[in-house]
Amino acid sequence: MSAQPWHKKPKSYVIISLAVILLIAALLSSDSKGIFNAIVAGITAVGMDWICFRLRKRKKWIPDGAVITGLIIALILSTATTWYIVAITATMAILSKHLLVYKNKPVFNPAVFGLLLSILCFQTGQSWWGAFGDLPAWTIGFLLVAGYAVTSRVNKFPQVFAFLSLYFLSLFLLGLIHVGGAADAFRPPFINASLFFALFMLTDPPTSPVSNKDQVVFGLLSAIVGVIIYSYFGGLMYLFIGLLISNAYHVIRSRTVSNIVYNSKRNPPISK
Amino acid sequence: MAKMDKKWVILCTTAIGVIYSAGYLSTEEQAALQEPQHHINSNIQSVSSQVKSQYKNGTFDGAGSNRRGSIEVKVTINHDKITDVEISRFAMHYSKNDVVGLPQEVIQKQSAKVQNVSGATYSTQAFQDAIEAALTQARNV
């Protein structure tokens, strides 16, 4: 049983950071519709999470993860998105968290899964307004301060640095040979989206690895898949697809490692 | 798992900042080229002989852009009436399906003021700006 106070827990750090970002973005863009969307997404996510927990007959329910999912969805979906589309997106995210599981942990980042499905099913406009995509470039400072605090708390710097270094390096090289809209990727709102993604979504502890080496591989894979999809197809799904593929890789690798450990325990090497 | 040393965090952040800056600076020319050229006047079939008409007859290009991309349109005007609207270039980072019904709406309303497509605010804005730019081109001074 953890005696840690709520505000010092990793998920609390994420919730507080995202809530502060939500308020700053709403204030600076003078648009309160984003806050309304956050309330809709939050209530739907928490409600669905509670229902799924009851159905799975699990005892200890903490709504923190669902709140984070709701906040991320609200910060990425355009503030003009109709409320029921926001609610459906949050529902799809939470369902993926409970249906696509490996060893009781979600396989895919729930918010990313919900947002990707939302584009595919409803062509939702994802503006990343909560990453300050429509605001002056200096506002990225808020994103970096909050994001670094979260990354440090969840201990995911190797993953974030691996992702950002390969992501920018690949785009730099593509820019040199004039391929795939690299210029856009270095400028708002795409740079805002990439930083928000790296600092708040890639770092999700249940769906990403723990060890430094695995974190680096995870970050590099997300970056390379994302850049390939961006350079060929553009659009807004490239970061999501990169992360979902890395999530799948993480589960496959965990399975492989646990199988090797299990087999070595059953058939220990013969000592001379 | 041990936390990453602060020195390493600063070093990695600096290295990434350098790569980002190199990417930003090396793509400045491309970014400038991607800005759509406004007020391109093309394909004017005939200048109206009616002195009092509001618009010239012909097909006029217009472009609208924002941080999410750009849209270019061709607007055909005949005797002060918008007879045809075509999206000649769609370079938004959203689906073209979002705005596929807007040209028809412009013809019906005879105005650039189209209804905002839910969730496609940026594409709608760029489209509207493009139509307004084309109409400005067509205006009889």
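This passage describes the overall fold of chain A, its annotated spans and two of its residues.

The structure is a predicted model. Chain A holds 11 helices and 2 strands. Along the sequence these elements follow the order α-α-α-α-β-β-α-α-α-α-α-α-α, with the two strands placed after four helices and followed by seven more.

The overall dimensions of the chain were examined next. Along the principal axes, the C-alpha atoms occupy a box of roughly 70 × 50 × 35 Å. A compact globule of 272 residues would have a radius of gyration near 19 Å, and the value for chain A, 19 Å, therefore agrees with that expectation. Of the 272 residues, 53% count as buried. The accessible surface amounts to about 12300 Å², and 69% of this area belongs to carbon and sulfur atoms. Contacts that link residues at least 6 apart in sequence were also considered; 78% of them join residues at least 24 apart.

An unreviewed UniProt entry carries the annotation "transmembrane region" for residues 12–29, 35–53, 65–95, 107–123, 135–154, 160–179, 186–203 and 215–245 of chain A. Two of these spans may be described in terms of the model. Residues 135–154 are 75% helix and 0% strand, and the C-alpha atoms at the two ends of the span are 28 Å apart. Residues 186–203 are 67% helix, again with 0% strand, and their end C-alpha atoms lie 21 Å apart.

Two individual residues illustrate the surroundings of side chains in the model. A:Asn247 is located in helix α11, which comprises residues 238–266. Because its relative accessible area is 0%, under the cut-off of 20%, A:Asn247 is classed as buried. A polar atom of the A:Asn247 side chain lies 3.0 Å from the backbone nitrogen of A:Asn109. When neighbours within four places in sequence are set aside, A:Asn247 is in contact with A:Val107, A:Phe108, A:Asn109, A:Thr207 and A:Phe218. A:Asn109 thus appears both in this list of contacts and as the residue whose backbone nitrogen lies 3.0 Å from the A:Asn247 side chain.

The second residue, A:Ser118, belongs to helix α5, formed by residues 110–122. A:Ser118 is likewise buried, because its relative accessible area of 0% falls under 20%. Apart from residues up to four places away in sequence, A:Ser118 touches A:Leu77, A:Ile85, A:Thr89, A:Met92, A:Gln123, A:Thr124 and A:Gln126.

Key: Residues numbered from 1 in each chain as written. Chains lettered and ligands numbered in written order. Predicted model: local features only at pLDDT ≥ 70, side-chain atom pairs only at ≥ 80, totals over all residues. Heavy atoms only, no water. Buried < 20%, exposed > 50% of the residue type's maximum accessible area, 1.4 Å probe, protein only. Polar contact = N/O pair within 3.5 Å; in protein donor to acceptor, adjacent residues only side chain to side chain. Contact = heavy atoms within 4.5 Å. UniProt positions renumbered as here; feature names shortened; annotations may be inferred. Rg over C-alpha atoms; globule rule 2.2 N^0.38 Å. Areas by Shrake-Rupley, 256 points an atom, 1.4 Å probe, with all protein chains shown as cover.
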